[in-house]
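Here's a walk through a complex of protein and DNA, taken one piece at a time. Keep the 3D view open and turn it as you read.

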Number of protein chains: 2
Amino acid sequence: MKTVTIKDVAERAGVSPKTVSRVINGEQHVRPEVREVVQRVVAELDYRPNAFARSLSSSRSYLLGLFIDDPVSGYASDVQLGALMRCRARSYHLVVEPVVLGSDGWRAQVADSIAALRLDGAIVTPPICDETELLDIFEAAGLPMVRIAPRMDFGRSGVVQMDDHAAAKEMTEHLIALGHRSIGFVKGDPTHSASAKRYDGFLAAMAGAGLSVAADHVLEGDFSFRSGLELGEVMLRREGRPTAIFASNDDMALGVLITAMKLGIGVPDMLSVAGFDDAPTSRAAWPQLTTIRQPKAEMAAAAVDILADPHYRGDMTAERYQMSLDYVLVERGSTGKVGG
Amino acid sequence: MKTVTIKDVAERAGVSPKTVSRVINGEQHVRPEVREVVQRVVAELDYRPNAFARSLSSSRSYLLGLFIDDPVSGYASDVQLGALMRCRARSYHLVVEPVVLGSDGWRAQVADSIAALRLDGAIVTPPICDETELLDIFEAAGLPMVRIAPRMDFGRSGVVQMDDHAAAKEMTEHLIALGHRSIGFVKGDPTHSASAKRYDGFLAAMAGAGLSVAADHVLEGDFSFRSGLELGEVMLRREGRPTAIFASNDDMALGVLITAMKLGIGVPDMLSVAGFDDAPTSRAAWPQLTTIRQPKAEMAAAAVDILADPHYRGDMTAERYQMSLDYVLVERGSTGKVGG
DNA sequence: CGGTCATTTGACATCGATGTCGGAATTCTG
DNA sequence: CAGAATTCCGACATCGATGTCAAATGACCG
């Protein structure tokens, strides 16, 4: 099956290849009649430009890299899907590159994909978006990047994030509105950017309501289900346990939920549990988790938009490349009025 | 930052570009001394071949496409990771392409990625690996493909799968060995290739043990958590409910588990529940699910190997391109001896 | 109607690699 | 040691598009 090239189209349309190129790239300076003829022939022959030839000559690759720490997490898949769909709409393609920080050759791996594929841009997700060494590599390669929910160095690139602080504050206020006064908090992995923000939001809401936070009602987990299990047990076995527990993500909230179940503490009658993320698992529990839905796909899509913006390169820190998207508080069965 | 090209290497090494090309591609007919010099210069300059230029001239793209129905599912992520890592090891790159069968332009989308990126091969996952129209497109484009766990048309491409029948049989035998005689089964989505095989494996084990299967102990779900909830309720509310339920995947098993919990039926004391897939959620429940671990990542890796094999094209149906990989029965807390 | 200027168009070089093929250097014959 | 056979290496064309620049065309004006 011979593939159709720009030359074939040109011949058939009776123009030069360059003119065909002009038409498919929507450049000006082509007479409307000619444009139309070319477009017709393109459709007839079902011509599709060879992306390689195109990048080779134009030094744009129409390829974006999505750099991800743990490609199996639900977080990653949502981000990926959002990026994928937006890429498609803009006729970009997406190359997913896992970054295994511990491993031997990760630096070389990253450099390889940048150099070999001539990526037009990089989307970097937490937690590796705060890995200075990684950012250095991108900068050295002159590769524009957009980071999703980074913790620091905001000036170093475009940023898409959501307001973790406000979301955690709102969730806490939700619990307070339900009558809870003694609220426990499970912090997330301190190396993730979001952990501190969520905790601060929690503290702000408590302070705003004039409530104190008992020292032993705050524990530090690592975002894993297991840590939720363990810390839940610690907190719930203590004297004067809280009437509500707000965990920094759904996996840990689930751990708390299951521990409560084991200990015979009814949810939400005797204990309210709130999570964060709206992970798929948050619906696979009983009762289902009240949680915060992050606009993960939308954040990724926004990142693609930024990278596709021709003005972005060279002015990565402009105001309009620092975006903040909205979250949603999803109320389900795991939270209720204090005392049932 | 000027990028290093093959010419730079050639000049510095005092040879022609073609010789450099020979060295990096491991071709023969290069004197060992020369080879060594070139390799040294390559390392010195940190030279990396431009993948586009390479594909343009060699008509190989070193790009594989992973065509996926639902990129967010846990299944997809595992497959993707497996493929990704193997690609990396073989210096291929992976482009993930979601296929939304219902959508308007999906045919054009697929054709686009094939034509624009000049993919070297396609990996197709269930359930779309049984979509005749999709396979037609690949064939028309002359694109070698490998399908993972297809249901039909095995002769049409290389195939990597696991033995669903044997796995379901083994799980059923496991339940029987625990003393269960009355075992319920929740079938999966009939459009997925695996559903029938798993059901047949179940029947085979039951027949092998001389046990009968009550008609109302077999229900048909669709692999969703919700269908597990609903069907679990149907089966467990009936008179003479089974002492064990084997669901065709973990999501549905989880639904059954939670329904049992709601109805006050203790697991595993009063009811054993078994799943299939070893989804991440299977560990996020209490008790954790006994299940079958599919070698998803390994299957994907094997698919990459096949596509990278230069002999594959043209002889896609050879015996050695029909692979079957091993599963593992993972025993956790959700199954136990009958009657506690 | 000749001259100026803007708009269209195409010839040609180029991007960075590999395929082909022929010549030079080396090794193997008898 | 001449002649044949290999092995090694490079000149050149090529892949399929786009950038550059100059030529051709047409519009407009006094």
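**Two chains on DNA**

The surface near DNA strand D divides into ten nonpolar, twelve polar and four charged residues. Keep in mind that this is a predicted model. In total, 26 residues surround DNA strand D, and the closest are Thr5(A), Ile6(A), Ser21(A), Ala53(A) and Ser16(B). So which helices should you click on? H2 and H4 of chain A, together with H2 and H4 of chain B, each supply at least two residues of the surface near DNA strand D. H4(A) gives the most, with five residues.

Now swing over to the other strand. There are 26 residues around DNA strand C, and those that come nearest are Thr5(B), Ile6(B), Ser21(B), Ala53(B) and Ser57(B). Helix H2 (17-24) and helix H4 (51-58) of chain A, along with helix H2 (17-24) and helix H4 (51-58) of chain B, each put at least two residues into the surface near DNA strand C. Here the largest share, five residues, comes from H4(B). By class, the surface near DNA strand C has ten nonpolar, twelve polar and four charged residues.

How are the two protein chains arranged? Lay chain B on chain A and you get an RMSD of 0.2 Å, using a turn of 180° and a shift of 0.0 Å along the axis. The two copies are therefore related as by a two-fold rotation axis.

Next, look at where the chains touch. On the chain B side, 39 residues are in contact with 39 residues of chain A. H4, helix H5 (74-89), strand S2 (93-98), H6 and helix H11 (250-262) of chain B each supply at least two residues of the side that touches chain A. That side of chain B has 23 nonpolar, nine polar and seven charged residues. Of the interface residues of chain B, 100% are also interface residues in chain A, so the copies meet through the same surface.

Let's zoom in on helix H7 (residues 132-140) of chain B. Its buried residues are Leu134(B), Leu135(B) and Phe138(B). Seen down the axis of H7(B), the buried residues fall within an arc of 95°, so they line one face of the helix. What do they pack against? The buried residues of H7(B) pack against helix H6 (106-117), strand S3 (121-124) and strand S4 (145-148) of chain B. Flip to the other side of H7(B) and you'll find Thr132(B), Glu133(B), Asp136(B) and Ala140(B) exposed. Just after H7(B), Gly142(B) takes a positive phi of about 70°.

Over in chain A, helix H10 (residues 225-237) lets you do a quick sanity check. At 1.5 Å a residue, its 13 residues should span 18 Å, and the end C-alpha atoms are 18 Å apart, which agrees. The buried residues of H10(A) are Phe225(A), Ser227(A), Gly228(A), Leu229(A), Leu231(A), Gly232(A) and Met235(A). What covers them includes strand S6 (183-187), strand S7 (218-220), strand S8 (244-247) and helix H11 (250-262) of chain A.

One last stop is Glu36(B), which you'll find in helix H3 (residues 32-45) of chain B. Is Glu36(B) buried or exposed? Glu36(B) is exposed, with 12 other C-beta atoms within 10 Å. If you want a feel for distance, its C-alpha atom is separated by 54 Å from that of Glu331(B), 295 residues apart along the chain.

Notes. Residues numbered from 1 in each chain as written. Chains lettered and ligands numbered in written order. Predicted model: local features only at pLDDT ≥ 70, side-chain atom pairs only at ≥ 80, totals over all residues. Near = placed C-beta within 6 Å. Helix = DSSP H or I, 4+ residues; strand = E, 2+ residues; numbered from the N terminus. Nonpolar A, V, L, I, M, F, W, Y, C, P; charged D, E, K, R; others polar. Least-squares fit on C-alpha atoms with pLDDT ≥ 70 in both. Contact = placed C-beta atoms within 7 Å. Buried ≥ 20, exposed ≤ 12 C-beta atoms within 10 Å, placed from the backbone. Arc of directions from axis to C-beta. Expected span 1.5 Å × (residues − 1).
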